[in-house]
Amino acid sequence: MESDLDEEDKRPRKVKKRKKHRLFWFIVKLQIFLMILVVGAVAYYYLGGYAAEVKALKEEAVAIVAASDEKTFMPGQTSAVYDVNGELISERNGEKVAEYVRYEDIPAKFIVAIISIEDKKFYSHNGVDFRAVFRAAKAMLENGKVTQGGSTITMQLGKLMFMEHGQSWQYKVQQMFIATELEKKYTKSQILEFYLNNIYFANGYYGIEAACHGYFDCELNELDMSQIAFLLSIPNSPSYYDPLVNYSNTMSRRNLILDNIYADGKMGEEEYLSAKREDVVLNLPQKGSTLWNNYVDTYVYHCATKAMMEKEGFEFRYYFDSEEQKQEYNEEYDERYAACQKKLYTGGYKIYTSIDMEKQKWLQSAVDNELAYFMEQNEEGVYAMQGAATCIDNETGYVVAIVGGRSQNFSGYTLNRAYQSHRQPGSAIKPLIVYTPCFERGYTPDSIVDDHELEDGPANSGGSYAGQVTIRTAVAKSLNTVAWQLYEELTPEVGLEYLKNMNFSAIVDEDYVLPTALGGFTNGVSTVEMAAAYATIENDGVYRNPTCILSIVDSYENTVYVSEQLSCVVYKETAARMMTDVLTSVMTEGTGRKLALENMPCAGKTGTTNDHKDGWFVGFTRYYTTSVWVGYDMPREVENLMGNTYPEQIWQRYMEMVHQDLTPLDFLPYAKLSEEFVEEQENLEQEMQERRNGGSNSEETPDENPAAENEQGDPASPEEQVGIE
C-alpha cells in the first residue's frame, strides 16, 4: 500500500516540476523577445533616420528659444492697408504697448482661472505633461493625425509665438522641445505673462487687456470672476465662443470654467453660485475714434487672413457629412485663422486691396442718408435700424466697396453686417435657385406659366393672381405662386446646390423645403454672398470668389501672396443671359421700375420678407453689381420697408454716382432658339403642367401668415420665413 501511495505522490510532484520549468522558459523567452523588440526599435529609430530628425528638431527648438527675449512677446510691427490706387487706408500697430500687462499687474483670479481650465499641473511640470501627451499620441495613432491637445500652457505659448500650424508627429515633438526650452529660460510667472498677453480673444483682440477694454470697457481689476471666466472662454475656439456672435456658447464655457475652479477648491460655494447666476453684460466702448474699427478694415483683414490661410494650404469648406467632421474642421479653422490674423496684425505686412475709397464713401453716404430718419439706438448706443451693402467690379470680380452698417464713432469692435450677418433674402433669391436653373432646363423668358391660388402654398403680395403669364412677367411682378410651382418641379435639392456652388455658407438641412423658393431660410444670406451670386449671372454664369485682396507684402518687401481670381461655371451662359434679360424687365415694368438708373441699362430684383422685417435690392450693370439689405438688428416689422423702398433707394443713389462718367453699355443678348426646339419645349412644358395638375401638392405647408424670424432674432424654421415678395 505504501509503495502505491508513493508512486501516486510522485506524479503530482513531476507535474508541478514540469509547470515550473515551463514558466521559467516562458519568462526567459519573453525577456529575449522584449530585448529583441527594444533593440529592433532602437535600431529602427537610428537606422531609419528618426534619431537624426529628432535631434535636428531639438537643435532647432534650442536655437529658436535662445534667440528670444522679453521683447519677442511684446507688440509687433505696424501693418498697413492700401486701396486700389496704392494710397494708405489705415495702419495698425498690433497690441499697443499700453495693452501689455506685467505679471504683477495681472489679477490673481486670471491666473487661477487659466490654470484651472488649461493646465492644472502647470507649476509641477517642466513644460510637458507626458501623461496628456501619451493620450494625444494614442489618439494620433488611431486617427492618423493629431486629434487631441495634450498641450500645456507652455506648449501653447511655444506654438503661438514660434510655430506654423501642423498635425504631424514632428510638429508635436518640436512643440515639446520648445516648451522645455522655454521652461529653462523663463520663470513660470513670465510664461503666464507672455501667454495671457498674446492669446486671441476674437474680433481683433489679443491679450487680456485688449479683451477687457474691448468687451467690458473697464480695467482688469474691475472684473469679477464670472467676467474673467467669460473672457477666458473665448481663446479655446475664438469663432465658436465669439461673444458677439455666439454669446450662449461663451456662457456655456464660462460655466465650465467656473465648475473647474470650484472643483479645484479655488473659490467658495457662495461665490461660485453667485458667479454662475450672473448674467454677463457686454459693455462695448462707445466713444473715441480709430482707423482700425471700420467696415473696410474689418473686411480687409478678414479677407487677408483667409488669403494667408490659403497660402499655407488650408482648404476651405462649408458643408460636411457629419457634425464630428464639421467640429474637427472648425477647430482647425479657428486655430489657423487666429495664427494668420495675428501674423498680419503684428508682422509689418502691407496689404494691397481692390477697395476704391471714393466708391466706399459714396456707398456709406447712400446708406447713412437714406436711413437718417431712423434715430432709435439700442442699449449699446448703436442705431437699431441698420443697412449693409456690397459692391463688386464686374470686370474683375473683386469687392470695391463694402458697408457693414450706418456710420457711428466707436473705438471698440464694429460688427460688419455686410459679411458677418445673415438675413432672409425674400424674393431676391428667386433668380438664383428657381429661374436661372429653370432656364437651364428648357424654360425661356417667354414660357407660359399659370399664376393661380395654391391650396397648400403661398399667396402673392396683394392677394391677386394673373392667370396665364410669361416667366418674364412672373419675375417682374415677383409672383410667389409661380416661383413655388417651378421650385417644386425643380426640387430644393437641385436649387440649393447652386448656392452651395457659390459658397453660400449658412445653408442647413432644414432649408431643403419649398419655402426657400421665396427666401425662407433658417439662417439667411449675406450681402457679400448675394453680390457675388448676382455678379455670376452678369458674368455669363461664371462665379468668382468675392475678396478684396490683391497682394500681401511682408516687412522685408517680399510679396508673399498674389491673388489669383479663380472661377468656376455655375450657370450655363444662355441661362444667365436669359436671367439678365428678364431682370431688366424688373427695372422697366416690374417691382423696381421707379428707381432704374437714368442713362445706364440695369437689371435687378427686390426682396421683402413677411411682416416687412427685411428688405433687399440686388442689381447690376455691365460695370458693377451692388447688393443692399435694410432692417433691424433684432428683426421687427418696419413700416414701408420693402425691396423697392429704402434698399433700392440706397442702390439707386449709389449706382448713379459710380456710373456718372461711364458710357452706357447694353447687356449681351442670349442665343435665340430654333422653332423646332421651341416646339419641343412647349410640349415638355405641357407635359409638366399636366403632371403638376394631376399630382399632389407638397407636404411642406407654410403658415397662412408666417414670420421671417421671431422677435428675439433667433432663426425660425424655413416654413416660418417665407417672403411676401
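In what order do the five strands of the open sheet with mixed pairing lie? The order is β2-β1-β3-β9-β10. The model described here is predicted. It also holds an antiparallel open sheet of five strands, a crossing of helices α16 and α18, and four cavities of 30 Å³ or more.

**The sheet with mixed pairing**

- Strands of a sheet pair through backbone hydrogen bonds, and the pairing can be parallel or antiparallel.
- In the sheet β2-β1-β3-β9-β10 the pairing is mixed.
- The edges are formed by β2 (88-92) and β10 (559-562), and each of these strands pairs on one side only.
- On average, neighbouring strands of this sheet are turned by 15° against each other, with direction ignored.
- Strand β1 (residues 79-82) pairs with β2 in the antiparallel sense, over four bridges.
- Within this pairing, tyrosine 82 has leucine 88 of β2 as its bridge partner.
- Helix α12 (residues 295-311) packs on the sheet and touches β1, β2, β3 (350-353), β9 (549-553) and β10.
- The direction of α12 makes about 70° with that of β9.

**The antiparallel sheet**

- Five strands in the order β5-β4-β14-β13-β12 form an open sheet with antiparallel pairing.
- β5 (399-403) and β12 (603-608) each have a single partner strand, so one side of each is left without a neighbour in the sheet.
- From one strand to the next, the twist averages 5°.
- Four bridges join β5 to strand β4 (residues 385-393) in the antiparallel sense.
- The bridge partner of alanine 389 is valine 403, in β5.
- Helix α14 (residues 357-370) lies across β4, β5 and β14 (624-632), and runs at about 30° to β5.
- Helix α22 (residues 646-658) lies across β4, β5, β12, β13 (614-620) and β14.
- The angle at which α22 runs to β14 is about 150°.

**The crossing of α16 and α18**

- The axes of α16 (residues 430-439) and α18 (residues 480-490) come within 10 Å and cross at roughly 65°.
- This crossing of α16 and α18 is left-handed.
- On the α16 side, the contact is made by Lys430, Ile433, Val434, Tyr435, Pro437 and Cys438.
- These residues meet Asn480, Val482, Ala483, Leu486, Tyr487 and Leu490 in α18.
- Sorted by class, the contact of α16 with α18 has ten nonpolar residues, one polar and one charged.

**Cavities**

- The model has four cavities of 30 Å³ or more, and the largest has a volume of about 50 Å³.
- The residues that line the largest cavity are Ile392, Gly397, Ala532, Ala535, Thr536, Asn539, Val542, Tyr543 and Arg544.
- Two elements, α20 (527-538) and β8 (542-544), give two or more residues to this lining.
- By class, five lining residues of the largest cavity are nonpolar, three are polar and one is charged.

**Backbone angles in two loops**

- Most residues other than glycine have a negative phi.
- Aspartate 540 is not a glycine, yet has a positive phi of about 60°.
- The loop that holds aspartate 540 lies between α20 and β8.
- Glutamate 557 also has a positive phi, near 70°.
- Glutamate 557 is found in the loop between β9 and β10.

Conventions. Residues numbered from 1 in each chain as written. Predicted model: local features only at pLDDT ≥ 70, side-chain atom pairs only at ≥ 80, totals over all residues. Heavy atoms only, no water. Axes fitted to C-alpha atoms, helices over the stretch in contact; angles between N-to-C directions. Left-handed = near helix turned anticlockwise from the far one by under 90°. Contact = heavy atoms within 4.5 Å. Nonpolar A, V, L, I, M, F, W, Y, C, P; charged D, E, K, R; others polar. Pairing = 2+ DSSP bridges. 1 Å grid on protein atoms, 1.4 Å probe; cavity = no way out; pocket = protein on both sides within 12 Å on 5 of 7 lines; lining within 4 Å. Points joined across faces, edges and corners; volume = space filled by probe spheres on them.
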